[in-house]
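Subject: Structure for you to look at

Hi,

Here is the structure I promised to pass on. Please open it alongside this message, and have a look around before you read my notes.

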Amino acid sequence: MDSKLKIPQEMLMNIDFINTVNGGMSEPAIQLEKGEDGFEVVVKVPGIEVDDLQLEIVKGKQNSNHLKLFHLLPIFSQESLPGDEQWRSVRFINTFVIPDGVDTESITARYDDMSRQLLLHLPFGDEKGLFRRKVEIHRW
């Protein structure tokens, strides 16, 4: 008797929606591939606006190179704040270890509005010394 469970794609997408209904968070989907000229990282973060995404590169001592992807989560208050001021908290989505041989100064990020995914390009190169910079996320 062959009884394989087949779950429709629409149901799988609704499971993530149901998880977020009562304050849960969607889990990001992350894919890393090595190409000819560098690494490509594809990140899908459902339910998070691209304007709230932040990407930082931290290259520290002892070859500890990290790419930190996070977003600013609004904190709702019963008190009204002056103007459009709103408190925000940081929620880390993921921290990637940057592989050796990646040129950290040339890392780029762009957000594809059609497929609603963040595309990171980590080109190969030689990088030495301490380093920290914020990566701008471009929309296209």
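Below is what I found, going from the overall fold to single residues.

Please keep in mind throughout that this is a predicted model.

**Overall picture**

The protein chain has one helix and nine strands. The helix comes at the start of the pattern, and the strands follow it along the sequence: α-β-β-β-β-β-β-β-β-β. Of the 140 residues in the protein chain, 30% are buried. The exposed surface of the protein chain comes to about 10200 Å², with carbon and sulfur atoms supplying 51% of it. If you take contacts between residues at least 6 apart in sequence, 55% of them join residues at least 24 apart.

**The core**

The largest nonpolar core contains 23 residues, and Leu53 and Leu118 have the most contacts inside it. Strands that give two or more residues to this core are S2 (38-44), S3 (53-59), S4 (65-75), S5 (87-97), S6 (108-112) and S7 (117-123).

Which residues does Leu118 touch, leaving aside those up to four places away in sequence? The list is Val41, Val42, Val43, Leu53, Leu69, Ala109, Arg110, Tyr111 and Ile137. Leu53, the other residue named for its contacts in the core, is thus among the residues that Leu118 touches.

**S3 and S4**

Strand S3 is mostly covered, with six of its seven residues buried. S3 and S4 run antiparallel and are joined by seven bridges. Across this pairing, Glu56 stands opposite Lys68 in S4. Leu73 is also a residue of strand S4, and it counts as partly exposed, with a relative accessibility of 30%. Between the C-alpha atoms of Leu73 and Leu53 there are 9.6 Å, while 20 residues separate the two along the chain.

**Two aromatic pairs**

You will find two aromatic pairs in the structure. Phe39 and Phe124 form an edge-to-face pair, at 5.4 Å centre to centre and with 75° between the planes. This pair links distant parts of the chain: Phe39 belongs to strand S2, whereas Phe124 sits in the loop between S7 and strand S8 (131-134), 85 residues apart. Phe39 is buried, at a relative accessible area of 10%, while Phe124 is partly exposed at 34%.

The rings of Phe70 and Phe92 have centres 5.5 Å apart and planes at 55°, so this pair is tilted. Why tilted? An angle over 60 degrees would count as edge-to-face and one under 30 as stacked, so a pair in between is called tilted. Phe70 lies in strand S4 and Phe92 in strand S5, so the pair ties together parts 22 residues apart in sequence. Here too the cover is uneven: Phe70 counts as buried at 12% relative accessibility, and Phe92 is partly exposed at 47%.

**His121**

Next, have a look at His121, which is in strand S7. Is His121 buried or exposed? At 18% relative accessibility, it counts as buried, because the cut-off for buried is under 20%. The side chain of His121 makes a polar contact with the side chain of Glu40, at 2.4 Å. Leaving out residues up to four places away in sequence, His121 touches Asp37, Gly38, Phe39, Glu40, Ser106, Ile107 and Thr108. Phe39 in that list is the one from the edge-to-face pair.

**S6 and its two partners**

S6 and S7 run antiparallel, with five bridges between them. Their hairpin has four residues between the strands, and there Arg116 takes a positive phi near 50°. Most residues other than glycine have a negative phi. Arg116 is not a glycine, so you may want to look at that spot yourself. Arg116 is partly exposed, with a relative accessible area of 44%.

S6 also pairs with strand S9 (residues 137-139); these two run parallel and are joined by three bridges. Ala109 takes part in both pairings: its bridge partner in S7 is Leu120, and in S9 it is Ile137. Both Ala109 and Ile137 also appear among the residues that Leu118 touches.

Happy to talk any of this through whenever suits you.

Best wishes

Key:
Residues numbered from 1 in each chain as written. Predicted model: local features only at pLDDT ≥ 70, side-chain atom pairs only at ≥ 80, totals over all residues. Heavy atoms only, no water. Buried < 20%, exposed > 50% of the residue type's maximum accessible area, 1.4 Å probe, protein only. Contact = heavy atoms within 4.5 Å. Areas by Shrake-Rupley, 256 points an atom, 1.4 Å probe, with all protein chains shown as cover. Core = buried A, V, L, I, M, F, W, Y, C linked by side-chain atoms within 4.5 Å. Phe/Tyr/Trp six-rings, centres within 6.5 Å; stacked < 30°, edge-to-face > 60°. Pairing = 2+ DSSP bridges. Polar contact = N/O pair within 3.5 Å; in protein donor to acceptor, adjacent residues only side chain to side chain.
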